[in-house]
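Dear colleague,

I am passing on the structure below, and I would be glad if you could look through it alongside the notes that follow. They begin with the whole chain and then turn to particular helices and residues.

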Amino acid sequence: MIDKTELWIVIVGLGIGSFFLRFVFIGLVGDRVMPPWLLRNLRYTAVAVLPALVAPQVLWPAVNGGSPEPARMAAAAVTLTVGLLTRNVLAAIGAGAVTLYGMLWLLG
């Protein structure tokens with residue numbers, strides 16, 4: 001069990017770090033014009049975050065000891081396909097969720 005003092009030190013430290021990262025971009029750089037190459041690259045940040053969060057759970061799911069399984073692979077493929085075809089995030093997420101739970105029900 002973690003000591004309460006240590007826990008609060010970690011929480012406060014993470015809060016200060018989070019504030020500092022935001023302040024650097026909003027407080028110090030917020031009123032300046034950013035170069036076009038930086039603005040172009042910042043547009044891809046949001047697109048890269050979701051796959052980076054989801055990919056480990058698709059490729060190495062903790063629920064079955066870290067080995068890939070067909071249900072999650074199929075759901076990822078359907079989500080990607082629907083997203084590319086429709087350009088609709090909610091449709092892609094919905095199709096992936098239906099595929100995942102449908103495959104888990106069929107295979108389970």
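Buried residues make up 9% of the 108 residues in the protein, and please keep in mind throughout that this is a predicted model. The radius of gyration is 20 Å, whereas a compact globule of 108 residues would have one near 13 Å. Taken along the principal axes, the C-alpha atoms fill a box of roughly 55 × 45 × 20 Å. The protein has five helices and zero strands, so that reading along the sequence gives the pattern α-α-α-α-α. Of the contacts with a separation of 6 or more, 33% are between residues 24 or more positions apart.

Most of what I have to report concerns helix α4 and its surroundings. Helix α4 spans residues 70-86, and its 17 residues reach 24 Å from the first C-alpha to the last, which is close to the 24 Å expected at 1.5 Å a residue. Its buried residues are Ala71, Arg72 and Ala75. Seen down the axis of α4, these buried residues fall within an arc of 95°, and they therefore line one face of the helix. The cover over the buried residues of α4 includes α3 and α5, the latter running over residues 89-107. On the face of α4 turned away from the buried side sit the exposed residues Pro70, Leu80, Leu84 and Leu85, whose names may be worth noting as you look at that side of the helix.

How do α3 and α4 meet? The axes of helix α3 (residues 45-59) and helix α4 come within 8 Å and cross at roughly 145°. On the α3 side the contact is made by Gln57, Val58 and Leu59, and on the α4 side by Arg72, Met73 and Ala76. Sorted by class, this contact has four nonpolar residues, one polar residue and one charged residue. Arg72 thus appears both in the contact with α3 and in the list of buried residues of α4.

Turning to the α5 side, Thr99 lies in helix α5 and has a relative accessible area of 17%, so it is buried, given that buried means under 20%. Leaving out residues up to four places away in sequence, Thr99 touches Ala74, Ala75 and Val78, and Ala75 is one of the buried residues of α4. Ala77, which is also placed in helix α4, has a relative accessible area of 41% and is partly exposed. The C-alpha atom of Ala77 is separated by 15 Å from that of Leu50, with their positions 27 residues apart along the chain.

The two loops that flank α4 each hold a residue to inspect. Glu69 is in the loop between α3 and α4, and with a relative accessible area of 17% this residue is buried. Not counting residues up to four places away in sequence, Glu69 touches Val63, Asn64 and Leu104. From C-alpha to C-alpha, Glu69 and Leu7 are 36 Å apart in space, and in sequence they are 62 residues apart.

In the loop between α4 and α5 is Arg87, which comes just after α4 and takes a positive phi of about 55°. Most residues other than glycine have a negative phi. Arg87 is a residue other than glycine with a positive value, and for that reason I would ask you to look at its backbone with some care. With a relative accessibility of 68%, Arg87 counts as exposed, whereas Glu69, in the loop between α3 and α4, is buried.

One further residue lies away from α4. Leu42 is found in helix α2, which covers residues 36-42, and its relative accessible area of 41% makes it partly exposed. Leu42 and Arg22 are 20 residues apart along the chain, and their C-alpha atoms are separated by 14 Å.

With kind regards

Methods:
Residues numbered from 1 in each chain as written. Predicted model: local features only at pLDDT ≥ 70, side-chain atom pairs only at ≥ 80, totals over all residues. Heavy atoms only, no water. Axes fitted to C-alpha atoms, helices over the stretch in contact; angles between N-to-C directions. Helix = DSSP H or I, 4+ residues; strand = E, 2+ residues; numbered from the N terminus. Contact = heavy atoms within 4.5 Å. Nonpolar A, V, L, I, M, F, W, Y, C, P; charged D, E, K, R; others polar. Expected span 1.5 Å × (residues − 1). Buried < 20%, exposed > 50% of the residue type's maximum accessible area, 1.4 Å probe, protein only. Arc of directions from axis to C-beta. Rg over C-alpha atoms; globule rule 2.2 N^0.38 Å.
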